[in-house]
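I opened the model to look up the ligand and its surroundings. My entries follow.

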Amino acid sequence: MKVHIIGGGNLGVSIALGIAKFSPNNQVTVTRRNTASILHLEKLGITVSSDNTHNIQEADVIILTIKPYQVDTVLAEILPVITNKIIASAVSGLAIDVLQEKTKFAHHAVRIMPNIAAQFGESATCISFNEKDKTEGESVVTLFHDLGTALVIDEKLMDAATVLGACGTAYALRYIRASMQAGIEIGFDSQTALAIAAQTVKGAAQMLVEEKVHPEQLIDRVTTPQGCTIVGLNEMEHNGFSSSLIKGIKTSLKQIKG
Ligand SMILES: NC(=O)c1ccc[n+]([C@@H]2O[C@H](COP(=O)([O-])OP(=O)(O)OC[C@H]3O[C@@H](n4cnc5c(N)ncnc54)[C@H](OP(=O)(O)O)[C@@H]3O)[C@@H](O)[C@H]2O)c1
């Protein structure tokens, strides 16, 4: 496929790099107005342009990774030169119906919510599309499967997906930072503490993904009765560990919904 990414910022570049590394049969173009900071992508075979319409007629999928307030400007540029395209939008809050209206019902609108781990083939991407665009939506699912996990969800859950999947990256990183800080307090230098904390989280996630079990089943395997793990875990819970995470996620969702 030829993939045309408009908005070569944090997310757009992550997707471009992910495709170049993990889905190399696809060709990628990335655009942004000021390309100086992303010209290095050309070394990886990615086309970089400041012209949003650059070879866009040849694209199979157009991915929008721009801010909501930039959508109308970008559509005004590209709509006159494209016909019957798949437009996959990662723009937060932009509903499929609204995108269809904005694109005059002449294209296939797909809504995607990836995260920046796409760059490492590890994005949790949630995808929604209407029944009439099923074939095109499935081709976007196939593309994002190469960049991690791709899950088709009801569009009603897209805000929740934004919180759990995209904001979730920051929550996980904050957990790792806290572990790192504790690691320093109990004797490690910061780099060693970070290496241990990050790999431990990666390992825990890998076990869940591969074994497809409930987290508590794995927790049971590492908690000895009266041992150091369970006392630490319970102390965290007494201090509101799970509760604070749940409240944080619900607060993020409230903020998105306005
Ligand atoms: N970051 C994430 O983890 C994440 C995850 C899921 C969804 N999203 C959503 O993805 C979108 C982008 O987020 P982001 O964090 O990647 O933002 P970002 O880093 O600010 O990237 C947006 C990019 O769009 C470019 N741009 C602005 N106007 C443009 C135009 N007229 N034509 C072409 N390019 C244009 C900007 O570059 P120039 O100024 O040089 O043009 C900028 O590089 C947002 O809607 C966000 O909610 C982000």
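How many residues of the shell around the ligand are nonpolar, polar and charged? I counted 11 nonpolar, nine polar and three charged residues. Ala, Val, Leu, Ile, Met, Phe, Trp, Tyr, Cys and Pro count as nonpolar, Asp, Glu, Lys and Arg as charged, and the others, Gly among them, as polar.

This is a predicted model, where local features need pLDDT of at least 70, side-chain atom pairs count only at pLDDT 80 or more, and totals for chains, interfaces and linings use all residues. Residues are numbered from 1 along each chain as its sequence is written, and side-chain values use heavy atoms, with hydrogens and water left out.

I found 23 residues surrounding the ligand (a heavy atom within 4 Å). Leu11, Arg32, Arg33, Ile66 and Ser92 are the closest.

I then looked up N or O pairs within 3.5 Å. Polar backbone atoms of Asn10 and Ile66 lie 3.0 Å and 2.8 Å from a ligand oxygen atom. For Lys67, a polar side-chain atom is 3.4 Å from an oxygen atom of the ligand. The protein buries 83% of the 880 Å² that the ligand exposes when taken alone (Shrake-Rupley method, 1.4 Å probe).

I placed the ligand in the second largest pocket (more than half of its atoms within 2 Å of the grid points). A pocket is an open set of points on a 1 Å grid over the protein atoms alone, where a 1.4 Å probe fits, with protein on both sides within 12 Å along at least five of seven lines; lining residues have an atom within 4 Å of a point.

Technical notes:
Polar contact = N/O pair within 3.5 Å; in protein donor to acceptor, adjacent residues only side chain to side chain.
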